[in-house]
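Reader: I should like to understand how the terms used for a structure are justified. Please show it to me first.

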Amino acid sequence: MTTATNTEKTEKKAGPWLVLLLAGVFEVGYALSVGGSEGFTVLGWSVSAFVFFLLTLFCLSVALKAIDVGIGYAVWAGIGAVGAALLGPVFFDEVLTPVRAFWLAVIIGGVVWIKLADSPRIERARAEPTP
Amino acid sequence: MSWLYLGIAVIFEIAVGIFASKAQGFTKLGWTLGTLASGAVGTLFLGLALLTFDVGVGYAIWTSVSGVGIVLVGALFLNQRLTWKKTVGIAVVIGGVVGLQLSGAA
């Protein structure tokens, strides 16, 4: 009971959520860098892929100390995938056609759903409904 | 070939997901090193896959199918419950990947 209350208090603080959003942004940077590296033959993009890889893992692990794992992963994966889909066409020779956008939305929605279904916090809330 | 690269990248990303959960906030050295190593190899193959796939498409498939794989490995080998909710999510992701490919938008 004490633990649950503590967790709730921590989750209401903005800090961990900002770090989680940052992790999402770094994940977008990672995806774009890996794409731009052309199989790691372009040095600049390859270095930035490596840096973003470490940054996203670090921020995610820090954020998940305070935020529920399922919810945290869902937000992080969602930002990463939506960001890569939207910004791919900005940085590279890509197009986001309506058909493509639709199917990407289905796929990303599916993985966000899976991550949320893995949330111990939501399961707990369901098991012990708050009055 | 690009699908093969993406598949290999998925396998390593599944390992990342499982190792990271064992690393307990990266306080356990062995699991932390395993996470980083798997992530590096997975990234390499993702890079090869993205030579063909557009970033937005390849990345979305990679991260989502990995999410499916993490749930399936957890259910098959780690004694985690495969709830109906997770099963629905798995079906949606697979349906989405198949739809993306069949519609020619991949």
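The questions and answers below set values against definitions.

Author: This is a predicted model, in which local features need pLDDT of at least 70 and side-chain atom pairs count only at pLDDT 80 or more, while totals for chains, interfaces and linings use all residues. Residues are numbered from 1 along each chain as its sequence is written, and chains are lettered from A and ligands numbered from 1 in the order in which they are written.

Reader: What makes residues 69–91 of chain A a helix, and what span is expected of α4(A)?

Author: A helix is a DSSP run of H or I with at least four residues, a strand a run of E with at least two, and both are numbered from the N terminus. Helix α4 of chain A has 23 residues, so the minimum is met. The expected span is 1.5 Å times one less than the number of residues, which gives 33 Å here, and α4(A) reaches 31 Å from its first C-alpha to its last, close to that value.

Reader: Where does α4(A) bend?

Author: The bend is about 30 degrees at A:A85; such a bend is the angle between axes fitted to the seven residues ending at a residue and the seven starting there. A proline, A:P89, follows within four residues.

Reader: Why are residues such as A:W76 and A:G80 called buried?

Author: A residue is buried if 20 or more other C-beta atoms, placed from the backbone, lie within 10 Å of its own (exposed: 12 or fewer; partly exposed: in between). A:W76 and A:G80 are buried, so each of them meets that count. The cover of the buried residues of α4(A) includes α2, α3 and α5 of chain A, together with α3 of chain B.

Reader: How many residues does each chain give to the contact between them?

Author: Chain B gives 36 and chain A gives 37, where contact means that two C-beta atoms, placed from the backbone, lie within 7 Å. On the side of chain B, α2, α3 and α4 each give two or more residues.

Reader: What is the secondary structure of chain B?

Author: Chain B has four helices and zero strands, and its order from the N terminus is α-α-α-α. Of its 106 residues, 46% are buried.

Reader: At what angle do α3(B) and α4(B) pack?

Author: The angle is about 145 degrees, with the axes 10 Å apart. Axes are lines fitted to C-alpha atoms, for helices over the stretch in contact, and angles run from 0 to 180 degrees between N-to-C directions. Among the residues making this contact are B:I61 and B:V65 of α3(B) and B:I90 of α4(B).
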